[in-house]
Amino acid sequence: MMKFAAATAQLKRKLGARIVRTDGAARREASFDSSKILFDAAAVIRPRREADIGVVLALANRHSVPVTTRGRGTTLTGAAAPVRGGWVLDMLGLNKIEIDGEAGMAHVQAGARVAEIQRAAEAQGWFYPPDPSSKEHCTIGGNIACNADGMHGGKYGVTRDFVVALRGFLPTGEAVEWGTATKKFSAGFNLRDLWIGSEGMLGVVTGAVLKLIPQPAERFTLLTSFRDESAALRAALTLFRARVQPAICEFLDRESVLCAERAMQTTIFPGQAGRPVILLELAGSKLEVREQRAQLLAWAKENAAGHRIARSRDEAEQLWAVRRKCSGAMFELGDAKLNEDVVLPMRSYVKFAQFLGRLKRESGLHVPTFGHLADGNLHVNIMYHRADPKETRAAEKAVDLLMRTVVSLGGAISGEHGIGLAKTPFLRIQHSPAQVRAMRAVKDALDPRGVLNPGKMFEVFHVWKHPRLDVHLPWDHK
Ligand SMILES: Cc1cc2nc3c(=O)[nH]c(=O)nc-3n(C[C@H](O)[C@H](O)[C@H](O)COP(=O)(O)OP(=O)(O)OC[C@H]3O[C@@H](n4cnc5c(N)ncnc54)[C@H](O)[C@@H]3O)c2cc1C
C-alpha cells in the first residue's frame with residue numbers, strides 16, 4: 001500500500017481530487033527540483049485558497065506526513081525536493097499581484113513570479129530590485145524562503161531588505177501574520193525575518209508585502225577587461241573605496257570569459273581572448289548617473305586593460321551577452337557542475353583569487369567563477385565528468401576545501417541559494433555546535449512533529465553520490 005495513503009485519501013475528501021492530485025504525472029513533476037535528484041511524492045496539493053493550506057498542515061500533523069512547499073522548483077540545492085516523500089504543496093496557483101502606487105508597496109501572493117512583480121511595479125514607475133537570474137520562473141515565496149538575490153544586491157540589498165510583512169501558516173497549520181503594510185513595526189519579536197531564509201522549514205508563506213523604490217531614470221553600462229583576476233579584483237576595490245556604487249558589478253574570471261567567447265564565437269576584446277572582465281551598470285537619477293559616469297570612466301582608463309561603453313540599450317544588451325552566455329557554456333568543460341554561491345568579505349578578494357588559482361591547478365579541474373563584486377557573492381562552478389571516478393573524487397575534495405577556505409577568510413558558504421540538501425555537508429563548517437543547536441531548537445519549537453520540509457539543512461546528504469535525472473527543465477541552458 002502506498003505510504004501515507006489513508007491520510008491522502010482523507011485530504012482528498014476534504015479538498016477534492018482537483019486540488020489533491022495523486023496521478024503519476026503530477027506526482028513525478030513534483031518529485032524533484034533543479035537539483036534533479038528524484039524522490040517520491042505521495043500527492044501534490046495545488047491550493048486554490050490560502051485557507052486550504054491550514055487544512056493540509058493540520059492533517060499532516062495528525063498523521064505525521066512530511067510536507068514540502070514548492071514554488072517553481074528552480075532551487076539548485078534540493079530544498080524543494082520531497083526527500084522523505086509525503087505531500088508537495090504547490091504554490092503556483094496563489095499568484096495575485098497588486099501594486100499600491102501611493103505607498104510604494106506590492107501586495108503579492110507567494111506563487112507570483114518575480115519577473116511579473118517587477119513588470120507590475122514598473123508599469124507604475126516603481127522598481128523591485130532583487131532579481132535572481134531565474135526571475136522569469138521562480139516565485140516570490142521561493143525567493144523569500146531562500147533570501148534570494150541577484151546582481152543588484154550590492155547597491156540595493158537582498159530579498160530580506162524588501163519584505164515589509166508576511167502572512168502564512170505555522171507548521172502546525174495555524175494562520176499567522178508577521179508585520180503590517182506599514183514602514184515601521186516594532187510590536188513584538190521579529191518572526192518575519194526568522195521566516196526569511198528558513199527554506200520552507202518554519203512556515204508556509206502565502207502572501208507578502210514588498211517595499212518598492214522609484215524606477216531609476218538613467219542607466220549606464222560599461223564592460224572592462226583586466227590583465228588577470230587579481231588585477232580585476234584590486235581594481236574593483238579601488239572603485240568602491242572612491243564611493244562609486246554601481247547597481248551591477250559582475251566579475252567573470254578567465255575561464256568564464258573563455259566559455260562565453262566560445263559560445264558567442266567571438267573575442268570580447270579583440271586581441272585579448274580570455275581576459276577577466278567586470279561588467280558595470282550605474283543606475284539612478286540623471287544627475288547621479290552623470291556624476292558617477294565620469295568617475296567610472298576615469299577609473300576604467302586608469303585600471304582596466306580595455307573598456308567598452310554601451311551607447312544605447314541595444315549595445316548594453318550586447319555587452320550583457322558575455323554574462324548571460326557563460327553559465328550554460330560551462331558544460332563544455334564537464335557534464336556535472338557543483339554550483340556554489342559563496343560570499344567573501346571584500347578584504348579577502350585577492351587572497352580568494354589566489355586560492356582559486358591553486359584549487360584549479362591542484363585539483364586538475366576547471367573551476368570557472370563569476371559573481372557580484374559589490375556584495376562579494378561569487379558563483380564558483382566546479383566542473384567534472386560524472387562517469388570519471390577520479391574527477392568526481394577531485395570535485396568532492398575541491399568543494400570541501402572551497403567551503404573551509406571561504407569560512408576561514410570570513411565568508412559564508414551560501415549568499416543566496418541556501419543550504420537545502422546540497423550544502424548540508426558544510427553547515428557545520430559555518431556554524432558552531434551551539435549555533436546549530438539554537439537553529440534546531442527554533443525548528444522544534446515551531447514544528448514539534450517535524451512535518452515541514454524534513455530531512456533538510458541539518459542532516460548530511462551528499463548530492464554527488466545520488467543519480468541525477470536526465471531531464472531538460474525550462475530554465476536549463478543546455
Ligand atoms: C537558471 C537558474 C538561475 C538561478 N539564479 C539565481 C540567482 O541569481 N539568485 C538566487 O538567489 N537564486 C538563483 N537560482 C536559484 C532559485 O531560482 C532560487 O533559490 C529561487 O528563490 C527559488 O524559487 P522557486 O519559486 O523556484 O522555489 P522552489 O525551488 O520551489 O523552493 C525553494 C525553497 O523555498 C521553499 N518555498 C517555496 N515557496 C515557499 C513558500 N511559499 N513558503 C515557504 N517556503 C517556500 C521550498 O520549500 C524550498 O525550500 C537560480 C536557479 C536557476 C535554475
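**View 1. Helix H5 gives the shell around the ligand its largest share, five residues.** Helices here (H or I, at least four residues) and strands (E, at least two) are DSSP runs numbered from the N terminus. This is a predicted model, where local features need pLDDT of at least 70 and side-chain atom pairs count only at pLDDT 80 or more, while totals for chains, interfaces and linings use all residues. Residues are numbered from 1 along each chain as its sequence is written.

**View 2. The ligand sits among 36 surrounding residues.** A residue counts as near a molecule if its C-beta atom, placed from the backbone, lies within 6 Å of it. The closest ones are Gly71, Gly141, Gly142, Ala145 and Gly200. Strand E3 (67–70), helix H5 (140–146) and strand E10 (204–211) each chip in with at least two shell residues.

**View 3. Domain 1 (5–90) and domain 2 (97–214) each lend the ligand shell at least three residues.** Those bounds come from an automatic or database domain assignment.

**View 4. Helix H15 (residues 433–446) is hardly covered.** Just one of its 14 residues is buried (20 or more other C-beta atoms within 10 Å of its own, with C-beta atoms placed from the backbone; 12 or fewer is exposed, and in between is partly exposed). How far apart are the end C-alpha atoms of H15? They are 20 Å apart, which agrees with the expected span of 20 Å, that is, 1.5 Å times one less than the number of residues.

**View 5. Ala434 is in helix H15.** Ala434 is exposed because it has 8 other C-beta atoms within 10 Å. Lys423 is eleven residues from Ala434 in sequence, and their C-alpha atoms are 19 Å apart.
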